[in-house]
Amino acid sequence: MSISIGELIVQAEAAMGPLGHAPSTRMQYRWAWSQFARFCSRDAVDEFSEEAVAAFVEFVAAEHRDARMKQWKHKLLRKAALVLSEVARTGSYQWCLSRPAHPNDALDAVFRPVQEQFELWLQGQSLAAATQNLYATVSRTALAWLPDRGVKNVQALSGSDVSAMVVFLGSRYQPGSMRTVVTALRVMCRFLEESGYGTGLSRAVPALFARRVASVGVLSAGGVAALTNSPDVTTAMGLRDRALLLLGARTGLRPVDIAGLRLRDIDWRHAQFALTQHKTGSVVTLPLLAEVGEAIADYLLNGRPAGGDDDHVFLRSHAPYAEFVKAIEASGS
């Protein structure tokens, strides 16, 4: 049964209530869950899924590994995501049982060796670690379901069982994720064929999987103009907010990239700016449109707090004058 991320967070908070945690601990988990929800919203994901948890855990692990996240925050975000996973599966949460000792503990003694052989096989396929983890997660989910279908061992797996797997996985994953899920299932079937467990299994996986694309509502030109002209430009905060809104409206950049823009990123002489995108890590160079450049210059000259060592373009409007992205995370000004 599907459940929205917001509803699951409410359930998780209620499930943790009887454990008697301190108010500060409950506040930390509420913050961590909001970070998970924000991570999912970047890809317009509203419903909870184990795939989203796996992607989030991999993301925070990479942030910690690359020294962009402290150890305590990495542990908190990972733990909070696993709490949501357990509440989604069981409807409750026990503090000492955040997850099994190993993900493959969910498999029985027949299918677990197959899963472990598949994971070793994946390591030799020149795939990125994140891709290996994703394929292993899909395989684990499918193999764990087979006993419910009456399949007792992998040698008994048939093409009709594989087709039924696709239907089952479709009930577990978002429609927009099924293209990747089907690819993972095809790779698993190819491994089974190469390992002598069966023949013709990969042919039962559909070659194409229709992806449902939701329409995206956008503001009219008049609506954009009304929005960008709404800040009070007689105040420092208004000058900053108008520059932020214009930059977003004219470039389509993500909020985190706009907030992370630095003074050195802007090439005023050539009317352009370049930055490294937070989500993809790629460098993008964009023209600095006259309207946007004028708004940024107005803020820099008449609204941006003077002094300090922070070279971000947009700063908090109140001391300490730190980068604006931290203010967003803290729900400050």
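Start by selecting Gln94, which counts as partly exposed at 45% relative accessibility. On this scale buried means under 20% relative accessible area, exposed means over 50%, and partly exposed is in between, with a 1.4 Å probe and protein chains only. Gln94 is found in the loop between α4 and α5. Helices (H or I, at least four residues) and strands (E, at least two) are DSSP runs, numbered from the N terminus. Now add Leu219 to the selection: it is 125 residues from Gln94 along the chain, and the C-alpha atoms of the two are separated by 45 Å.

Before going on, note that this is a predicted model, in which local features need pLDDT of at least 70, side-chain atom pairs count only at pLDDT 80 or more, and totals for chains, interfaces and linings use all residues. Residues are numbered from 1 along each chain as its sequence is written, and side-chain values use heavy atoms, with hydrogens and water left out.

**Helices α3 and α4**

Select Leu76, in helix α4 (residues 71–90). Leu76 is buried, with a relative accessible area of 8%. Leaving aside neighbours within four places in sequence, Leu76 is in contact (heavy atoms within 4.5 Å) with Gln28, Tyr29, Trp31 and Ala32. Trp31 is 45 residues from Leu76 along the chain, and their C-alpha atoms are separated by 9.7 Å.

Keep α4 selected and add helix α3 (residues 50–65); the two pack at an angle of about 170 degrees, with their axes 9 Å apart. Axes are lines fitted to C-alpha atoms, for helices over the stretch in contact, and angles run from 0 to 180 degrees between N-to-C directions. Angles under 35 degrees count as roughly parallel, over 145 as roughly antiparallel, 65 to 115 as roughly perpendicular and the rest as oblique. α3 and α4 are therefore roughly antiparallel. On the α3 side, the residues to show are Glu50, Val53, Phe56, Val57, Val60, Ala61 and His64. On the α4 side, they are Gln71, His74, Leu77, Arg78, Ala81, Leu82, Ser85 and Arg89. Colour this contact by class to see eight nonpolar, four polar and three charged residues. Here Ala, Val, Leu, Ile, Met, Phe, Trp, Tyr, Cys and Pro count as nonpolar, Asp, Glu, Lys and Arg as charged, and the others, Gly among them, as polar.

**The nonpolar cores**

Next, select Phe118, Leu146, Val162, Met165, Leu169, Leu185 and Leu192, the residues with the most contacts inside the largest nonpolar core, which has 37 residues. A nonpolar core is a set of buried Ala, Val, Leu, Ile, Met, Phe, Trp, Tyr and Cys residues joined through side-chain atoms within 4.5 Å. The elements giving two or more residues to this core are α5 (112–123), α6 (129–149), α7 (159–172) and α8 (178–194). α8 gives the most, with ten residues. Apart from this core lies another, of 29 residues, among them Ile3, Leu8, Ala15 and Leu76.

Return to Leu192: outside its neighbours within four places in sequence, Leu192 is in contact with Val114, Val154, Leu157, Tyr197, Gly198 and Leu201.

Show α5 and α8 together; they pack at an angle of about 100 degrees, with their axes 11 Å apart. That makes α5 roughly perpendicular to α8. Val114, Gln117, Phe118, Trp121 and Leu122 in α5 meet Val187, Met188, Arg190, Phe191, Leu192 and Glu194 in α8. By class, this contact has eight nonpolar, one polar and two charged residues.

Then pick Asp161 in helix α7. Asp161 is buried, with a relative accessible area of 8%. Not counting residues up to four places away in sequence, Asp161 touches Trp145, Arg149, Val151 and Ala156.

**Helices α9 and α10**

Move to helix α9 (residues 221–228) and helix α10 (residues 236–251), which pack at an angle of about 155 degrees with their axes 9 Å apart. That makes α9 roughly antiparallel to α10. Select Val224, Leu227 and Thr228 in α9, which meet Arg242, Leu245, Leu246, Ala249 and Arg250 in α10.

**The sheet**

Finish at an open sheet of three strands, in the order β1-β2-β3 with antiparallel pairing. Two strands pair if DSSP finds at least two bridges between them. β1 (266–267) and β3 (283–287) stand at the edges, each with a single partner strand, so one side of each is left without a neighbour in the sheet. Five bridges join strand β2 (residues 272–276) to β3. Gln272 stands opposite Pro287 in β3, and Ala274 stands opposite Thr285. The hairpin of β2 and β3 has six residues between the strands, and Gly281 there takes a positive phi near 75 degrees.
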